[in-house]
Amino acid sequence: QVQLVESGGGLVQAGGSLRLSCAASGRTASMYAMGWFRQAPGKQRAVVSAITGSGEHTDAADSVKGRFTISRDNAKNTVYLKMNSLKPEDTAVYYCAATYSGGGGSYYYTRTTDYDYWGQGTQVTVSS
């Protein structure tokens, strides 16, 4: 079992920055591929960015490429999402997710159905 706890959300003006953190407990973080998703009111949950267990490979949605960066510190069992140049359309609840990918993990995943563990979410609100 993996428990995920997100933090770092809040209210920010357009053009500002936030860094989300996701602390994982229960298992060795490097064995799990991780992802950040978001869900705005009335919309489906969608991937923002994903990262392999090793942290070597990442992917991001087109809407956030060049603005958001995913990273991880396996020694701290923590995954981060640095968000720059925030826009009002980035407003959503942001969720951290994890799925077992084994030692050497060279895969990342971008579908909600790929993930077995989810955090409770953290609200990000960007004002115009």
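**Reading the core, the disulfide and the cavity**

Me: This is a predicted model, right? Which residues touch the most other members of the largest nonpolar core?

Reply: Yes, the model is predicted. As a general idea, nonpolar side chains in soluble globular proteins tend to be buried together. Here the largest nonpolar core has 28 residues, and those touching the most other members are Leu-4, Met-34, Trp-36, Phe-68, Leu-81, Met-83 and Tyr-94. Several strands feed into this core with at least two residues each, including E3 (18-25), E4 (32-39) and E9 (92-100).

Me: What is Met-34 in contact with, leaving aside its neighbours within four places in sequence?

Reply: Among its partners are Leu-4, Ala-50, Ile-70, Val-79 and Tyr-115. Cys-22 and Cys-96 are on that list too.

Me: How many disulfides are there, and what does the word mean?

Reply: A disulfide is a covalent bond between the sulfur atoms of two cysteines. The count here is one. Cys-22 and Cys-96 form it, with their sulfur atoms 2.0 Å apart. The pair ties together distant parts of the chain, since Cys-22 sits in strand E3 and Cys-96 in strand E9, 74 residues apart.

Me: Are those two cysteines buried or exposed? And why is the disulfide left-handed?

Reply: Both Cys-22 and Cys-96 are buried. The torsion about their S-S bond is about -80 degrees, so the disulfide is left-handed.

Me: What about empty space: how big is the largest cavity?

Reply: About 70 Å³. Of its 14 lining residues, Ala-24, Ala-29, Tyr-32, Met-34 and Arg-72 are the closest to its centre. The lining divides into six nonpolar, five polar and three charged residues.

Terms used. Residues are numbered from 1 along each chain as its sequence is written. This is a predicted model: local features need pLDDT of at least 70, side-chain atom pairs count only at pLDDT 80 or more; totals for chains, interfaces and linings use all residues. Side-chain values use heavy atoms; hydrogens and water are left out. A nonpolar core is a set of buried Ala, Val, Leu, Ile, Met, Phe, Trp, Tyr and Cys residues joined through side-chain atoms within 4.5 Å. Buried means under 20% relative accessible area, exposed over 50%, partly exposed in between (1.4 Å probe, protein chains only). Helices (H or I, at least four residues) and strands (E, at least two) are DSSP runs, numbered from the N terminus. Contact means heavy atoms within 4.5 Å. A disulfide is a pair of cysteine sulfur atoms within 2.5 Å. On a 1 Å grid over the protein atoms alone, a cavity is a set of points where a 1.4 Å probe fits but cannot get out, and a pocket is an open set with protein on both sides within 12 Å along at least five of seven lines; lining residues have an atom within 4 Å of a point. Grid points are joined across faces, edges and corners, and a volume is the space filled by probe spheres set on the points. Ala, Val, Leu, Ile, Met, Phe, Trp, Tyr, Cys and Pro count as nonpolar, Asp, Glu, Lys and Arg as charged, and the others, Gly among them, as polar.
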